[in-house]
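Me: I am new to this structure. Please take one part and go through it closely, then show me how the rest is built.

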Amino acid sequence: MSPLRKYTLRIAKWWVLVVVLATAGGALAALWSVSTATTTWTATTALTSQSQERSPDQDGVLALGYVDYFNQDSYQQLLRAQAGIPDDVSLSAKTGASSPILYIQASGPSEGAARDAAASAAEVFRDDVREALVAERRQAVNDLQAEIDGHVQELNSLQRTDVEKNVMLDQIRSLQGRLTEFLADNTNHLKQLQPEPGVSSSTPSPMIDIVSGVVGGAILGVLIALVMAVLDRRVHTTGDVQDAAGRPVLAELGRRRAGRRERLQHLLNGLSASEDGSTPVVAVAGVRRGDGASALAHELAAAWAARRGGALHVMADFRVPVTGYEHVAGFADVLQGQVTVLATTIPLGDGVRVLPPGRVADIDPYAVAEPRHLTWALEEASTTAGLVVVEAPPVLDAPEGQSICAAAQRVVLVVDGRNTRADDLREAVVLLEAVGARIAGIVIDRSGGRLSSEPALPAPVDVRPAPVLVAAAGHDGGSPARGADDGSYASGYVDRGRDDGHDGAVDVNGNGVDAGHSAEPDERAAGHDAAAGFDAAAGHDGAEEHDDADSHDGNGVGPQHRPSPFPHDAMVAATPGEPGELGDRAGSRDGQWQG
């Protein structure tokens, strides 16, 4: 992108500022024009320098000289003093094309002042020119008259012949003729062509001032917008994002919902392409904290058609609990080995399920998001749906976001088209590349926080965590049920079994069950391998067994819990192991569900 186009697009982002300043400039100009507008009166009188002894073009040149002389400031000061013209009246002179006609104009606030000033100025100027010419000719006349007087004196004082007298008389008559011509010559004099000045009035049009104000305000707005664009370090356009991140822009999503699902499906087609046909696991992360990543993750999961095996939306941001789900098991509990993925997902319909963050109130998000556990958990999640969308925490605000993005197959980085800074975007890309995260591209969110109109989770009125089967501890210690630190399951749905002197078992409702005999840990109570049992330390005479034959119905779900839409083989207990640790994931014999 050329710098001209780049800054033109940036200035276009400030079009509101330009419009506001242009409007303000026009309004101020209109106000000033109305408040200061006054009627100006102009009086015009005419003089001419035409002579019968010269051609008209020569007279026109003389008229230009007179105009230039009249418009001189030094002469106008003398003219005002002689004619008594006030200072609020302006004087000017001009010619009519190349003609010998001079127009003397006087403009003032009143009609009478303008008329009197024009007449007085024309009269004084004409007299000044005539007096100058007369003074020059008077000197010439005096010289001729002196020469005539000399000839007359010689003629009277000497004895001359008739011939000499006639010669001297001819000379005297010639000088007298020249004198008469000088006295009668009015060449270069100004003659009055219009004795009574004509008067006209004019009022300035406010449209000229308004247009000038609008143009001036728009220019000022463009200059301010240019300065703001140079100082603004945020990314606004596709070119800005690509220049800062060096990654392709996959999509730009605005507030309009028309055609958005199709664009998201096109995006999903590119993200889900794989050579081995494995379930795509896509992480969606923002640069900084915002609603864009969460909304995009939800929209991607919803756009994935149910005929493709459904979509699982994993909410992996442990730093912001979901209101109403603070005590519901979720992804954090999966990472700690307390529950399985399938047992904690919440169906939303249309093939979309959501895995909430879980009980994140008292955990360290960075410690829980251990890379190996993330890899195992996402592998498990990929067996439950045709697409796994991981809503990762913001890269720059949550260090565990790097590990979560690295565990996914592809990463989509969400950029706020209004607030994301170029430096933050570059830093986020560097951090993701440092952990080997595979950045597929960038999505620009221009919706202003309105990318999704539906919540990622339903209202938490009847939502209950999926049942989890745990073992009861014996009298002499043993392994407690994995959950809260006090030995009881944190959600309150699973309690310890009763110790009544027999080998104890616990059903999914928390009621102690007397199996009536001692059983081996791998006894098949429901007709399949370890459907709901695992070993616990023996309190008296051996290991206690969790037998769910008395508490489960045909699909392996307790009667007081929400029915699961998934087969019984998948709804089994968490794998055995120490609290907070993932157990053996080999297969159904060690308690792991079958995908």
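Reply: Start just past the end of a helix. Gly436 follows helix H16 and has a positive phi, near 80°. This is a predicted model, and the values here are computed from it.

Now step back into the helix itself. H16 covers residues 422-434, which makes 13 residues. From its first C-alpha to its last, H16 reaches 18 Å. That is close to the 18 Å expected at 1.5 Å a residue.

Which residues of H16 are buried? They are Ala422, Asp424, Leu425, Ala428, Val429 and Leu432. Buried here means under 20% relative accessible area. Look down the axis of H16 and the buried residues fall within an arc of 165°, so they line one face of the helix. Turn to the face pointing away from that buried side. There H16 carries the exposed residues Val430 and Ala434.

What do the buried residues of H16 pack against? Two of the partners are helices: H8 (238-245) and H15 (400-407). Two are strands: S11 (410-416) and S12 (439-445). Then, after H16, comes Gly436 with its positive phi.

Next, a sheet elsewhere in the chain. Four strands form an open sheet, in the order S2-S3-S1-S4. The pairing is antiparallel. Strand S2 (90-95) and strand S4 (191-202) are the edge strands, and each pairs on one side only. On average, neighbouring strands of this sheet are turned by 20° against each other, direction ignored.

Look at one pair in that sheet. Strand S1 (residues 40-48) and strand S3 (residues 101-108) run antiparallel, and eight bridges join them. One residue to find is Thr42, whose bridge partner in S3 is Ser107. A helix also packs on the sheet: H3, residues 56-70. H3 touches S2 and S3. The direction of H3 makes about 165° with that of S2.

Finally, the whole chain. The protein chain has 16 helices and 14 strands. Of its 595 residues, 45% count as buried. Take the contacts in the chain with a separation of 6 or more: residues 24 or more positions apart account for 74% of them. The accessible surface of the protein chain comes to about 29,500 Å². Carbon and sulfur atoms hold 53% of that surface.

Definitions and conventions:
Residues numbered from 1 in each chain as written. Predicted model: local features only at pLDDT ≥ 70, side-chain atom pairs only at ≥ 80, totals over all residues. Heavy atoms only, no water. Pairing = 2+ DSSP bridges. Axes fitted to C-alpha atoms, helices over the stretch in contact; angles between N-to-C directions. Contact = heavy atoms within 4.5 Å. Buried < 20%, exposed > 50% of the residue type's maximum accessible area, 1.4 Å probe, protein only. Areas by Shrake-Rupley, 256 points an atom, 1.4 Å probe, with all protein chains shown as cover. Expected span 1.5 Å × (residues − 1). Arc of directions from axis to C-beta.
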